[in-house]
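These are my notebook entries on one structure. I looked up its empty spaces, its ligand and a few features of its backbone.

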Amino acid sequence: MSFLLQRLLFSLSFLIFSSFCLATEVSYDGRALIIDGVRKVIISGSIHYPRSTAEMWPDLIQKAKEGGLNAIETYVFWDIHEPRRREYDFEGNRDIVRFFKTIQDAGLYAILRIGPYVCAEWNYGGFPVWLHQMPGIQLRTDNEIYENEMRNFTTYIVNKIKEANLLAPQGGPIILAQIENEYGNVEGAYGEAGKRYIKWVVQLAKSLNIGVPWIMCQQGDAPLPIINTCNGYYCDDFYPDHKIPKMWTENWVGWFKDWGGLDPHRPAEDVAYSVARFFSKSGTLQNYYMYHGGTNFGRTAGGPYIVTTYDYDAPLDEYGNLRQPKWGHLKKLHEILHSMEKVLTSGERSSVKLANGVWGTTYALNDTSGCFISNTDASNDFTVSFGGNLYFVPAWSVSILPDCKNVTYNTARITTQTEIMVKKPNRAENDPEDLTWLWLPEDIEDTLDGRGTFTVPELLEQKNVTGGASDYLWYMTKVRVSKHDPMYTKHMTLRVHTKGHMLHVFFNGKHVGSNNPDTQDWEYTLEVPVIVKPSINFITLLSTTVGLTNYGDHFDTIPEGIAGGPVELVGNGNLTRNLSTNPWTYKVDLNGMEKTYWDNDKLEWRYDGIPSRSRLTWYKAIFKAPLGDDPVVVNLRGLQKGEAWVNGNSLGRFWPTKMAPSECGKCDYRGPYNPNKCTTGCGEPTQSWYHVPRSFLEADGNSLIVFEEFGGSPFSVKFATVTVGTLCVTGYHGDIVELSCPKERPILNIEFANYGNATGTCGSYHKGANDIDISSLIESACVGKTSCHIDVSKTVIGHKPPCQGSKMVVQASC
Ligand code: GAL
């Protein structure tokens, strides 16, 4: 053997050996996922990479790790990666390889949910809209054209993942992969073709040889070895085939919002309860949907009418701040569950009824054991006897006893501090509060004249024409009315039936009506008075979509725009002329969008007579970044509806005039959660603050560009930073609780410190009649420090408890 050949063989075997060394083997049995021979407890959280910026990823992932997660889960969003057929994009926050490497660098596992249908409140459920334009295609069913596209994209992603060695057997972080998404929920509607489709999906998955298990969520008929998983607010009563582990891919930690909706909050007590219940009933993998929800930048929000923020009430808020007490309360739970890994995944489980709705569960393995006491009653607390001891278990809570004797955690007892976030201007001294505005009208002369790109005698469906490239589509036609026509009169009505979402009507070059943006119909008829000339009249209709539907069987075929109309002119004596089969001329998009007014140095912006109630208008302001490194937000109150950009980056659609209902849902964490419970923001705009990621900003000379569709005023737009304002903590005898301000900031003031029976919530506590004021004690222990620990028993020593179950409550400011 030549020396060279010898060297080559040596390096080759080294390469094989070293990659073999790093390789992680993933399998499973009926109990748990098995990683390198060890059954694992996996506590995962969803972070969708395009809902933040690549610059934010390391911090989000680190906070997830500190929060006790050992895995991160994400969908893959087809539409942003293949915006035009066979043209791919993995730049910026679309760089999935970088995202998974960031997860790997943090030492966490990853779960790859390819879909490629994802739902996710994402535009069109993640499908690129060009799919819809392919003749003969039917999505999510046994249709060759669709299957060919799905195979192509799925294979493309898997190859990309493999090339970057991201799968566990290659030494990468990915331990599981998902194909399709909750098809089981809609399968019935697709009949036999749906069943054939699922068989095809399974074959496709298997053929991709990824070396880690495949999962399908909400797919009861998924054949082994594919793992069927559960999604929902509670999955303790989910019982998959005994050969697969019990896994929960989506534990919804809150909910998303519609324009016009309230802020849903799922209490930390209830999230913790659902997780503890799941692990007490043989669950071994659980994923929070979402751990960080983030932002629907650009036009990525699903629909119709899903808002720009995707905060989701997640443990990390939209901007990446810890949401306390949720983050910390769950962190404590995770630490305990991880410490019980062995007994939970290999112990023998037994359960005993202790009272009505109260259960004691024991996992036993050799001489170790771990226990749970669950009180599933939504209103009654119980004191029960378990293993010879008495335990108090509040309603709707789970106590964990890692040694089967001592309760180290109860899901309903929060000892983590609550943090109330505030918005601060944080302007440099010489930086004025008000922005200085420039403006430009959207140039619509061409469309008012009826000029477009093609003409057909038909009212077309909107996304068929736009291919999703824009929210905006112009429909234009001419109508000749003669003086001698019996229908002729000067004052007529133009009646337009649209399948949504927004509609602006122009007649003979003038705006004559728009839908009422305060109502939110999917389909409606708009009637507007028009002045008709006894000759040729120009009709120009601008139809706007606000996110394409993302959920439901056949959701992809739901029509948008003036599809089929009818469009009618109603004249004298109600005589009606149907214009639906007139020659209609089309133009996709607005000129300003096409010419990227939001990122165009060549424009001559006007500074004279800034209009404030003007439809289809562009505004521009130059601003300095707020000081410091806290997340930046912009308040767009005053404006009505449109899209905003900072330095060319879209912040998403805005619609601050869209108000939430005047009543909020009452909150009691006890009992099954639903998104109408525990809501806030009643009578407020659904969203007035918009996230401006720090990486979009320079210190100075930043441009904010706003496109206003309905007519609003930019004069009250303001930037701010988001930071912790108020802290509150509650503790009982035996607890040591912590108060802590973020980023090394000191505790400024103790606003309330009480021992007894305080009522109210953080920010508005009230002292009970016999309670004891402990302010001076807490002040000396905490003020001026960045954090302090309070041993409740020591602090209240010498004080007789003013009432039964006395607690310490402290409120402080940072
Ligand atoms: C699930 C779906 C997710 C998301 C969630 C609601 O049904 O799988 O993608 O849409 O609902 O947030």
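Entry 1, second largest pocket. I sorted the lining of the second largest pocket by residue class and got 16 nonpolar, 14 polar and twelve charged residues. The model is a predicted one, and I keep that in mind for every entry. For the volume of the second largest pocket I noted about 1,400 Å³. Its lining is made of 42 residues, and those closest to the pocket's centre are Ile80, Arg94, Gly298, Arg299 and Thr300. I then asked which elements give two or more residues to this lining. They are two helices, α3 (78–81) and α12 (591–594), and two strands, β34 (642–646) and β35 (649–654).

Entry 2, cavities. I asked how many cavities of 30 Å³ or more the structure holds. The count is two. A rolling probe the size of a water molecule shows where empty space is left between atoms.

The largest cavity holds about 70 Å³ of space. I wrote down its lining in full: Asn123, Arg299, Gln462, Lys463, Thr466, Gly468, Ser470, Asp471, Thr545, Gly547, Leu548 and Arg653. Helix α11, residues 462–466, gives the largest share of this lining, with three residues. By class I found one nonpolar, seven polar and four charged residues around the largest cavity.

For the second largest cavity I noted about 30 Å³ of space. Its lining consists of Asp471, Tyr472, Lys641, Gly642, Glu643, Arg653 and Glu709. Five of these lining residues are charged, one is polar and one is nonpolar. I marked Asp471 and Arg653, since each is listed for the largest cavity and again for the second largest cavity.

Entry 3, ligand. I looked up what surrounds the ligand and found 15 residues, with Tyr75, Glu121, Glu182, Glu250 and Tyr312 as the closest. By class, this shell has ten nonpolar, two polar and three charged residues.

Next I looked up which atoms lie by the ligand's oxygen atoms. Tyr75 places a polar side-chain atom 2.7 Å from a ligand oxygen. Glu250 also has a polar side-chain atom by a ligand oxygen, at 2.8 Å. With Val118 the atom is a polar one of the backbone, and its distance to an oxygen of the ligand is 3.0 Å. I then asked how much of the ligand's area the protein buries. The ligand exposes 310 Å² when taken alone, and the protein buries 95% of that.

Entry 4, domains. I copied the domain assignment, which gives domain 1 (3–323), domain 2 (346–415), domain 3 (420–442 + 594–721), domain 4 (445–589) and domain 5 (732–813). Domain 3 is written as two stretches of the chain. Over C-alpha atoms, the centres of domain 4 and domain 5 are 63 Å apart.

Entry 5, backbone. I asked where cis peptide bonds precede a proline, and noted two cases. The bond from Leu224 to Pro225 is cis, with omega near 5 degrees. Pro225 sits in the loop between β8 (214–217) and β9 (227–232). The bond joining Gly565 and Pro566 is cis too, with omega about 5 degrees. Pro566 belongs to the loop between β28 (536–544) and β29 (567–570).

My last item is Arg86, which is not a glycine but has a positive phi, near 65 degrees. Arg86 is in the loop between α3 and α4 (96–105). Helix α3 is already in my notes, as one of the elements lining the second largest pocket.

Methods. Residues are numbered from 1 along each chain as its sequence is written. This is a predicted model: local features need pLDDT of at least 70, side-chain atom pairs count only at pLDDT 80 or more; totals for chains, interfaces and linings use all residues. Side-chain values use heavy atoms; hydrogens and water are left out. A residue is near a molecule or strand if one of its heavy atoms lies within 4 Å of it. A polar contact is a pair of N or O atoms within 3.5 Å; within protein, one must be able to donate a hydrogen and the other to accept it, and residues adjacent in sequence count only if both atoms are side-chain atoms. Accessible areas come from the Shrake-Rupley method with a 1.4 Å probe; for residues, only the protein chains shown count as cover. Ala, Val, Leu, Ile, Met, Phe, Trp, Tyr, Cys and Pro count as nonpolar, Asp, Glu, Lys and Arg as charged, and the others, Gly among them, as polar. Domain bounds come from an automatic or database domain assignment. On a 1 Å grid over the protein atoms alone, a cavity is a set of points where a 1.4 Å probe fits but cannot get out, and a pocket is an open set with protein on both sides within 12 Å along at least five of seven lines; lining residues have an atom within 4 Å of a point. Grid points are joined across faces, edges and corners, and a volume is the space filled by probe spheres set on the points. Helices (H or I, at least four residues) and strands (E, at least two) are DSSP runs, numbered from the N terminus.
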